[in-house]
Amino acid sequence: MDNNKLLTRRNTLKLCLPALVGMGTAIGANFIGELEPTLALDNPKRSSSLSGNKSLKERAAAKGIIFGSAVRYNDLTSSPGYAKLIARECGILVPEWELKWVCGDKALRPNARDFDFKPADWIADFGRKNKILLRGHTLVWHDSLPKWFEEQANAKNAELLLRTHIKTVMGHYAGKVHSWDVVNEALGWWDRRPDGLRNTPWLKFLGKDYIDLSFRLAAEADPNALLTYNEFGLDYNTPEDEAKRQAVLKLLRYLKSKGTPIHALGIQAHLSAEISTFSQQKFRKFLGEVASLGLKIMITELDVADNKLPLDLRKRDRTVARVYEDYLSAALDEKAVIMVTTWGLSDRYTWLSEFAPRKDRAAVRPLPFDRNLQPKLAWNAIARAFDRAPKR
Ligand code: XIL
């Protein structure tokens, strides 16, 4: 997603938010068992049946894949039911806000000297107590930089700021993190640079090798974590996404040729249910190319925006589910894909209520569980994709 665009939209959207909250629609508690007849009305050929009642994390683990979700401290601490659901379904957690420099009401970096690890520590502890792995997101990004950074950072002090940040944050969790998004969204063909890089403060202050440097610092700070480059807009069979895929491959090849300690590509996968240009073949080919560089692949922020679909709830849920299943079956066919995290687990807590709301103001339904924490067809779709995936 283009966060610049999104963040500008954000203020305009705030006005609609109170109306969106609490507009969720309840789905029966035994939904999973009742899917077939409902679906048959729409597309008799499309099954959503499942065997057993295992959680997503168990189904994924049976194939050597890790499944989990982004979580926010505020949601986990305010809803025990949600925390229970997260513990049941997730094998890995990634703080949605708490490990960014600043995000929402959380500031890991309140100023140039200090670090506030409390909310992220709480999530890490919750994970440890429930035997759930931890991901780190994200160290180097143009977005979510504090105001003080904009005011104080310059070409002279940027390297020290970067070093201190990576060393301190990764050092704090060293040995406890499965994987870190070291650099996020560094590409932007729209900035028209020959190297495809996006104009970010880091690029401006440190030049193009800020990416290589970030990975080297990360490898020093925690030699056990899988170091990931994370990017969006890689999914569809459109000229824009094709340009992004080519730019990613170019960047990854460049980093590999320099001996940069990079271990994985993170594919955000913020999908839109109304877009019909997904090509399993094209996407699968791209994954193969990434894998041939000796890199692992993680689907890091999966969700399916339903804001442009018709209001009809069953139709919406069916379409969203279909998108999940088609996408994941292509992705999981590549054995280098070792992890899938959705960007939230329940429609009650999704960034899309704010960033991609519906014009009719109905609550959005982009995630596997509804606002009442009941599984939807999207849950079946993800489960089916895991059940069918080849073993790693
Ligand atoms: C988003 C969060 O979900 C929002 O709550 C926050 O306000 C802005 O950031 N790509 C990323 C994520 O890498 O960090 C973004 O998360 C979504 C797009």
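For sorting residues by side chain, Ala, Val, Leu, Ile, Met, Phe, Trp, Tyr, Cys and Pro count as nonpolar, Asp, Glu, Lys and Arg as charged, and the others, Gly among them, as polar. The model in these exercises is predicted, and local features need a pLDDT of at least 70, side-chain atom pairs count only at pLDDT 80 or more, while totals for chains, interfaces and linings use all residues. Residues are numbered from 1 along each chain as its sequence is written, and side-chain values use heavy atoms, with hydrogens and water left out.

**Exercise 1. Describe the surroundings of the ligand.**

Step one is to find the neighbours, where a residue is near a molecule if one of its heavy atoms lies within 4 Å of it. There are 17 residues around the ligand, and those that come nearest are Glu 96, Trp 97, Lys 100, His 137 and Glu 301.

Step two is to sort this shell by the classes given at the start, which yields six nonpolar, five polar and six charged residues.

Step three is to look for polar contacts (pairs of N or O atoms within 3.5 Å; within protein, one must be able to donate a hydrogen and the other to accept it, and residues adjacent in sequence count only if both atoms are side-chain atoms). An N or O atom in the side chain of Glu 96 is 2.5 Å from an oxygen atom of the ligand. For the side chain of Trp 97, the distance from such an atom to a ligand oxygen is 2.8 Å, and for the side chain of Glu 301 it is 2.8 Å. The ligand taken alone exposes 410 Å², of which the protein buries 98%; such accessible areas come from the Shrake-Rupley method with a 1.4 Å probe, and for residues only the protein chains shown count as cover.

**Exercise 2. Work out the setting of Glu 231.**

First, locate the residue: Glu 231 belongs to strand β5, residues 226-231. Helices (H or I, at least four residues) and strands (E, at least two) are DSSP runs, numbered from the N terminus.

Second, decide whether Glu 231 is buried (under 20% relative accessible area), exposed (over 50%) or partly exposed (in between), with a 1.4 Å probe and protein chains only. Glu 231 counts as buried because its relative accessible area is 0%.

Third, list its partners, taking contact to mean heavy atoms within 4.5 Å. Beyond its neighbours within four places in sequence, Glu 231 is in contact with several residues, including Glu 185, Val 248, Gly 266 and Gln 268. Its side chain also makes a polar contact with the side chain of Lys 244, at 3.3 Å, and a polar atom of that Glu 231 side chain lies 3.4 Å from the backbone nitrogen of Ala 186.

**Exercise 3. Describe the nonpolar cores and the overall build.**

Begin with the whole: the protein has 16 helices and nine strands, and buried residues make up 57% of its 392 residues.

Next, consider nonpolar cores, each a set of buried Ala, Val, Leu, Ile, Met, Phe, Trp, Tyr and Cys residues joined through side-chain atoms within 4.5 Å. The largest core has 107 residues, of which Trp 180, Tyr 229 and Ile 267 touch the most other members. Helix α14, residues 313-332, supplies the largest share of this core, namely nine residues. Apart from that core lies another, of nine residues, among them Val 94, Trp 343, Trp 351 and Val 364.

**Exercise 4. Examine the backbone at Thr 138, Glu 185 and Arg 192.**

Start from the general expectation that most residues other than glycine have a negative phi and that most peptide bonds are trans.

Then turn to the peptide bond from His 137 to Thr 138, which is cis, with omega near 0°; Thr 138 is found in strand β3, residues 133-140.

Finally, compare two positive phi values. Glu 185 has phi near 55°, and Arg 192 has phi near 60°. Glu 185 sits in the loop between β4 (179-184) and α10 (201-206), and the place of Arg 192 is in the loop between β4 and α10. Glu 185 counts as buried because its relative accessibility is 1%, whereas Arg 192 counts as exposed because its relative accessibility is 75%.
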